[in-house]
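Please look over the sequence and the model shown below. The paragraphs after it lead through some of its parts, one after another.

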Amino acid sequence: MDQIYTLTQLIQQSDCEYTIYDLGRRVQPISNKQFESIEAGQQPYPYPLQRHAHLAIAYWNETKQPWIWFLKLPLDERSLLQQADIGNFIKYVIEAIGVSLSGDLSEEQQQKLSNNPYTFKPKDDKMAMFHSLLRAELAQPMSQYYDHTKTYLSSTNGWDNWQFVGMQGLADVCANLDKDNNSTALRKALSHLPTTVLYATLGCLEHINLPEKLAQKQLETIQDLCNDKESDLFLLSAHIRALSGADKNTLIKALTLILSSERLSHPEVLVAIAGRCWSGLEDLSVANLFLLRLAQTGDQQLFNQLFADLVMQPKLRMCMLQILHGEADPKLADALLKLQQTTKS
């Protein structure tokens, strides 16, 4: 048998199909072709979080009942996967279950496989969203909560009767916005949802590419919150996170509106932008304004943490370095100088 160097080779030689999602920042797919390139060290991991790749790898045979690995793999300073770690995990797999992945695992094999330093347990909200997206991709039935959640969002039984609406049901609806009139129903429901359900729904939308009308509804809500002098900044934070899957122009409009106000640029909001809406910071002027607001919080530790996180994002790296070494507002320049001094020390 040929030497196995990559996870892709390991899965393919078992005659399994597979799909890959990032679970670090947003729950979002990574194409098989792109992952092969990442494994080969030909391109950086696209969505690093704390210098790690947080992956869900699902693979299946003809039964279409997937096996799933949740992996947390270290990245180097260029956001590249480290070949030694991939090789080590492959060794754990082969030692636990052999080179064929398509058989049922005994409890002992499952325990042996899970006993390695590369697996992790995703947070419940991301786990729910991942399972909904995976079921949708494999054309499998949604959870038992799906129909109940659709009924609730239609307002048939009243908005106060939400106690039996589960996170999984909301995730199912958000993963199927293109079906069952879900996008329209959700868009109409958003302004009526009780606080608990609203926050849970917005948490699911963080991981979805938003249809145009739903993105526009979110933008209008954010505009209203920005115009309210007593707006709830934590609610604003949840709404901007939920807009992360909008088209780039809509996202930049929302970010520019928020960042134009020092009052609205609360640390909670800035963390939300960095964690979910980083794609909007590919615009140099928006990135400059974001870092200025971050400097104006006076929290140098937070500034250092978020800058270090953003400069690791492959699509933001050149933009962040350009700001670091360019002309800047005095407040921002001071924060950048302190950042460099901390890094050198």
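In which sense do E1 and E3 pair, and over how many bridges? The two strands pair in the antiparallel sense, over six bridges. The model in which this pairing appears is a predicted one. One point on the shared border is Ile20, whose bridge partner in E3 is Ile57.

E1 spans residues 17-22 and has a further partner in E2, to which three bridges join it. These two strands also run antiparallel. Here Tyr21 stands opposite Pro29 in E2.

E3, residues 52-60, pairs with E4, residues 67-74, over eight bridges in the antiparallel sense. Two facing pairs can be picked out along this border. Ala53 has Leu73 in E4 as its bridge partner, and Leu55 stands opposite Leu71 in E4. E3 and E4 form a hairpin, with six residues between them. In the turn, Lys64 has a positive phi of about 60°.

Put together, these pairings give an open sheet of four strands in the order E2-E1-E3-E4, with antiparallel pairing. Its edge strands are E2, residues 28-30, and E4, each of which pairs on one side only. On average, neighbouring strands of the sheet are turned by 35° against each other, with direction ignored. Strands of a sheet pair through backbone hydrogen bonds, and the pairing can be parallel or antiparallel.

Why can E3 be called largely enclosed by the rest of the structure? Eight of its nine residues are buried, so the surroundings largely enclose the strand. Leu55 also has a place in the largest nonpolar core, which holds 120 residues. Leu55, Trp69, Ile240, Phe290 and Phe303 are the members that touch the most other members of this core. In soluble globular proteins, nonpolar side chains tend to be buried together.

Which residues does Ile240 touch, if those up to four places away in sequence are not counted? They are Ile222, Leu251, Ala254, Leu255, Ile258, Ala272, Ile273 and Cys277.

The last stop is Thr8, which is found in helix H1, residues 7-12. Is Thr8 buried or exposed? Thr8 counts as buried, because its relative accessibility is 4% and the cut-off for buried is under 20%. Leaving aside neighbours within four places in sequence, Thr8 is in contact with Tyr18, Phe35, Glu36 and Glu39. One of these contacts, Tyr18, lies within the residue range of E1, 17-22.

Technical notes. Residues are numbered from 1 along each chain as its sequence is written. This is a predicted model: local features need pLDDT of at least 70, side-chain atom pairs count only at pLDDT 80 or more; totals for chains, interfaces and linings use all residues. Side-chain values use heavy atoms; hydrogens and water are left out. Two strands pair if DSSP finds at least two bridges between them. A nonpolar core is a set of buried Ala, Val, Leu, Ile, Met, Phe, Trp, Tyr and Cys residues joined through side-chain atoms within 4.5 Å. Buried means under 20% relative accessible area, exposed over 50%, partly exposed in between (1.4 Å probe, protein chains only). Contact means heavy atoms within 4.5 Å. Axes are lines fitted to C-alpha atoms, for helices over the stretch in contact, and angles run from 0 to 180 degrees between N-to-C directions.
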